[in-house]
Amino acid sequence: MCTRQSRADGSSPGFSSEEQPVGPQKEEIEIGAVPLVGGDTDVGVGVGFLGSVARIAPEGAIRYAWRVESGSFVTFKSGRDGLEIPYFQGYLVWTQPRLWDSRLRLDLRLEHVSEANMRYFGIGNASVRPPGENSERDLYTRTRPTFWGRARMKLPYSAFVGFGASASQNWITVPPNSTLAQDLRTGSEELKGWLRGTSSHGVLLGEVSAGWDTRDDDIDPTRGQYHQVTFRASPHVGGNYPFSYQQLNTALRFYVPLVQDRMVGVLWSGFDALFGTPPFYELARFDETFAIGGNQGVRGVPGQRYYGKVKVMASAELRTRITKFDLFGSHYALGIATFADTGRLWADFSRHPELDGTTLGLKYGIGGGLRLHQGKTFVVRADVAWSTDARPIGAYVLAGHAH
């Protein structure tokens, strides 16, 4: 991996000084884009794209003056009523990291997601996935537009504080013969209390965060640490915003250079806890993504596989850059990554052995993938992962590293 550090001569830290001209560099516009083709048995076959536009800044760990990232992915699948669209996502992110003499960072994101393949097999770490695939039994639908904004302020000694807010509207459809519908009809009062949020509703969230960031690059770090604790709260406001709950989330990240300009080791651990009465789908998530499953938690385990209020996770990843090349006037680098993820959750803070089991119960995924770096501000990862929960493997193509 390339070492990303500021240099007095203004050269890019992604390449050695012999490859870059000495002297100050002017700001330039950098465009990165990649088409996507993929899918699986749940969501069908899909197409999409990932792209970004950034104005490059010549020095500093933050390599751009501003950046716009966008992506979209839609899948198609043959169903009983003809051609279906099980999954759609479209998003646009604007980042301005150099406000107020580079001490203030602002991020704005607008996103729309429609998922007809949301899984539910029960609450707790010991929930059992039935054999076979049955969408009427195992899946529900969630559609949501979301907008959020975040501001982050630098403090002395690499510390920072942040503030943010988001608003989303959710439309949920539960098949009448599904496991989720059955638990809502016949489950205990405690279980029904966990399964709030199956009707249409909105969610408002406010957040505060604090942390410590010594990374040499915020998009493709090769050394340093990045630790953060975040507290979020959702108020009950009128009939459309019925959920009053809080979330505590922590993440520790370590980036260790192993071979100069070639290989980096990454260690990550996360903890997430929900308090109050959150909507049920949040029990499968942490920090706005899936927890024990999905593309950023325990890879290989299907997203939404496990639901619970308390989650712990860890990951070790080895990133190796294997070659660099130029194409159509742009700098590229190709790398590989290998990783191992693990995690566990609990239904609630009180003991529920009938839901969580009595053994260690760690879930895990192992795998590898490719990393394509275009210029200084765009990274695409393509990962495949295996776990005992995978059928047969998990595959992910996204912008940016997992951690």
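Glu-288 counts as partly exposed, because its relative accessibility is 38%. In this predicted model, Glu-288 sits in the loop that joins β13 (285-286) to β14 (289-290). Its backbone is worth a look too: phi of Glu-288 is near 70°, a positive value in a residue other than glycine. From that loop, let's step back to the whole protein and then visit some other residues.

**The overall build**

- The protein contains 5 helices and 19 strands.
- Its radius of gyration is 22 Å, close to the 22 Å that the globule rule gives for 403 residues, so the protein is as compact as a globular protein of that length.
- Along the principal axes, the C-alpha atoms fill a box of roughly 70 × 45 × 40 Å.
- Among contacts with a separation of 6 or more, 61% are between residues 24 or more positions apart.

**Surface and charge**

- Buried residues make up 51% of the 403 in the protein.
- About 17900 Å² of the protein is exposed, and carbon and sulfur atoms supply 62% of that area.
- The protein carries 43 positive and 41 negative charges, and the mean positions of the two sets are 1 Å apart.

**The largest nonpolar core**

- In soluble globular proteins, nonpolar side chains tend to be buried together.
- Here, the largest nonpolar core has 21 residues. Those with the most contacts inside this core are Tyr-120, Ile-123, Tyr-140, Leu-195, Phe-280 and Tyr-307.
- Two elements, α4 (189-194) and β9 (201-213), give two or more residues to this core.
- Leu-195, one of the core residues with the most contacts, touches Tyr-120, Ile-123, Leu-180, Asp-183, Leu-184 and Phe-280, leaving aside residues up to four places away in sequence.

**Helix α3 and the loop after α4**

- Helix α3 (residues 179-186) has Thr-179, Leu-180, Ala-181 and Asp-183 as its buried residues. Two of these, Leu-180 and Asp-183, are among the residues that Leu-195 touches.
- The cover over the buried residues of α3 includes α2 (135-138), β7 (139-154) and α4.
- Gly-197 lies in the loop between α4 and β9. Gly-197 is buried because its relative accessible area is 10%, below the 20% cut-off.
- Beyond its neighbours within four places in sequence, Gly-197 is in contact with Ile-172, Phe-243, Phe-280 and Tyr-281. The C-alpha atoms of Gly-197 and Tyr-281 are 7.9 Å apart, although 84 residues separate the pair in sequence.

**Strand β11 and the turn into β12**

- Pro-257 is part of strand β11 (residues 245-259), and at 30% relative accessibility Pro-257 counts as partly exposed.
- Leaving out residues up to four places away in sequence, Pro-257 touches Thr-222, Arg-223, Met-263 and Val-264. From Pro-257 to Gly-224, 33 residues away in sequence, the C-alpha distance is 9.0 Å.
- Asp-261 is found in the loop between β11 and β12 (263-276). Like Pro-257, Asp-261 counts as partly exposed, with a relative accessibility of 28%.
- Asp-261 is not a glycine, yet its phi is positive, at about 65°.

**Two buried strand residues**

- Ser-315 belongs to strand β15 (residues 310-327) and is buried, with a relative accessible area of 7%.
- Apart from neighbours within four places in sequence, the contacts of Ser-315 are Val-266, Leu-267, Trp-268, Arg-299, Ala-340, Asp-341 and His-403.
- Ser-315 and Gly-297 are 18 residues apart along the chain, and 8.4 Å separates their C-alpha atoms.
- Tyr-87 is located in strand β5 (residues 87-98). With a relative accessible area of 17%, Tyr-87 is buried.
- Tyr-87 and Asp-272 are 185 residues apart in sequence, with 26 Å between their C-alpha atoms.

**A cis peptide bond**

- The peptide bond from Arg-391 to Pro-392 is cis, and its omega is near -10°.
- Pro-392 is in the loop between β18 (378-386) and β19 (394-399).

Conventions
Residues numbered from 1 in each chain as written. Predicted model: local features only at pLDDT ≥ 70, side-chain atom pairs only at ≥ 80, totals over all residues. Heavy atoms only, no water. Helix = DSSP H or I, 4+ residues; strand = E, 2+ residues; numbered from the N terminus. Rg over C-alpha atoms; globule rule 2.2 N^0.38 Å. Buried < 20%, exposed > 50% of the residue type's maximum accessible area, 1.4 Å probe, protein only. Contact = heavy atoms within 4.5 Å. Areas by Shrake-Rupley, 256 points an atom, 1.4 Å probe, with all protein chains shown as cover. Lys, Arg positive; Asp, Glu negative; His and termini not counted. Charge placed at Lys NZ, Arg CZ, Asp CG, Glu CD. Core = buried A, V, L, I, M, F, W, Y, C linked by side-chain atoms within 4.5 Å.
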